[in-house]
Amino acid sequence: MDEKMNEENTEEVKVLEAQIEQLQAEVAQLQHQQQNNHKDMTFNFSGQMQEALLYSCGQRLVRAKEEVVSRLEEEVKEMEEDLKRQTQMNGINLNSCTTKTLQSGDSQLIQKFCVSGHCSELNFLVEFQLTEFKQNQRCQREISALNVVMDATDLKSFNGFLLGVEEHNNLLLFFRTLRTLSDRCDDRSRTFQHFQDKYPSIVSLPGGCGSEIMTLNHPQLPGCVLFIHWSVDVSSEGRVTPKINLLTKIPERVLQLFPSQTVGGAAKFFQSLLRILGSEAAVESVIRAICPSSDP
């Protein structure tokens, strides 16, 4: 009985092994067929289909590139418009800005900046170091090694102000004061140019409309000259103050014709006019006083 069961089990095992071998053969055949199909597909795509696929992929890349370029152009345009608004607000135009990294680490970043530009007619070059570091989980920025270069030979008080700015690394105070100083210098230039255009036979500007001196020549008294000296002083705290004075150059022979008290009091009289009338009206009053027939 046991022998008969063993024979039956043996036959079942052989049947199962045969089925396994058949399945393995079918799997191998299917794998081989799949490889052939891939080869056929590759072969079929080598003609027009391949060109179409390459073109389609290329179009996608081109469109993606165009989208990136378009987005960058929009960002640049927005930045330019923002810079234009900032320039209109503060009057400061930047010509160039270069950056150099001096130190870079996890806790600290030190960069050196060099910025050049102009505010109206005043050109500037500013160099400074910007240190970024974390303190109490907050990012802090600190300016050091500030150096300002300006051609301000006519603004002696401003040179003293720059020394204080560099000593305290006060970049914000520099730009704030520069704008105010530029506005006051522009006021002076416009006033000088206005009077030269209005009274060309009397008013002359030896140093141009941007200088501190305006000359008033008496048409009937050669050698008799009045000078309007208009300076702009800047304190160490950045306070900008225009100072306008009347100076006289009267020949000795002319002084003999007028009381010395009258000539000597011209400067004080002009200061009174400034307080009452303002700068432009006070200067025009002086012009008409020395030459009543100078009405345009």
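In the predicted model, Glu75 is placed in helix α2, which spans residues 48-90. A relative accessible area of 40% makes Glu75 partly exposed, since residues between the limits of 20% and 50% are assigned to that class. Together with Glu73, Glu74 and Glu78, this residue forms a negative patch on the surface.

The strands β5, β6, β7 and β8 are arranged, in that order, as an open sheet of four strands in which the pairing is antiparallel. The edges of this sheet are taken by β5 (203-204) and by β8, each of which has a single partner strand, so that one side of each lacks a neighbour in the sheet. In general terms, the strands of a sheet pair through backbone hydrogen bonds, and they do so either in parallel or in antiparallel fashion. Strand β6, covering residues 213-217, is paired with β7 in the antiparallel sense through five bridges, and within this pairing Ile213 has His229 of β7 as its bridge partner.

On the β8 side, strand β7 (residues 225-234) is joined to strand β8 (residues 240-249) by 10 bridges, again in the antiparallel sense. The register of this pairing can be followed through several positions: Leu226 lies opposite Thr248 in β8, Ser231 faces Lys243 in β8, and Asp233 is set against Thr241 in β8. The two strands β7 and β8 constitute a hairpin in which five residues lie between them, and Gly238, located in the turn, has a positive phi of about 90°. Of the 10 residues of β7, seven are buried, and this strand is therefore largely enclosed by the rest of the structure. As a general feature of regular strands, side chains alternate between the two faces of the sheet.

Elsewhere in the chain, Leu122 belongs to strand β3, which comprises residues 122-135. With a relative accessibility of 12%, Leu122 is counted as buried, because the limit for that class is under 20%. The C-alpha atom of Leu122 is separated by 8.3 Å from that of Leu178, although the two residues are 56 positions apart along the chain.

Across the whole structure, seven salt bridges are found. One of the salt bridges connects the side chains of Arg141 and Glu132, with an N to O separation of 3.5 Å. In this pair, Arg141 is exposed, its relative accessible area being 57%, whereas Glu132 is partly exposed at a relative accessible area of 22%.

A salt bridge is also formed between the side chains of Glu284 and Lys198, for which the N to O separation is 2.7 Å. This contact links distant parts of the chain, as Glu284 lies in helix α8 (residues 279-290) and Lys198 in helix α4 (residues 171-198), with 86 residues separating the two along the sequence. Glu284 counts as buried, having a relative accessibility of 13%, while Lys198, with a relative accessibility of 27%, counts as partly exposed.

Glu284 additionally takes part in a salt bridge with Arg288, in which the closest N and O atoms are 3.3 Å apart. Arg288 and Glu284 are four residues apart in helix α8 and are therefore separated by about one helical turn. A relative accessibility of 39% places Arg288 among the partly exposed residues. Salt bridges with shared partners also join Arg184, Asp187 and Arg190 into one network.

Key
Residues numbered from 1 in each chain as written. Predicted model: local features only at pLDDT ≥ 70, side-chain atom pairs only at ≥ 80, totals over all residues. Heavy atoms only, no water. Patch = residues over 30% accessible without salt bridge, like charges linked within 9 Å, V, L, I, M, F, W, Y side chains within 5 Å. Areas by Shrake-Rupley, 256 points an atom, 1.4 Å probe, with all protein chains shown as cover. Salt bridge = Lys/Arg side-chain N within 4 Å of Asp/Glu carboxyl O. Lys, Arg positive; Asp, Glu negative; His and termini not counted. Charge placed at Lys NZ, Arg CZ, Asp CG, Glu CD. Buried < 20%, exposed > 50% of the residue type's maximum accessible area, 1.4 Å probe, protein only. Pairing = 2+ DSSP bridges.
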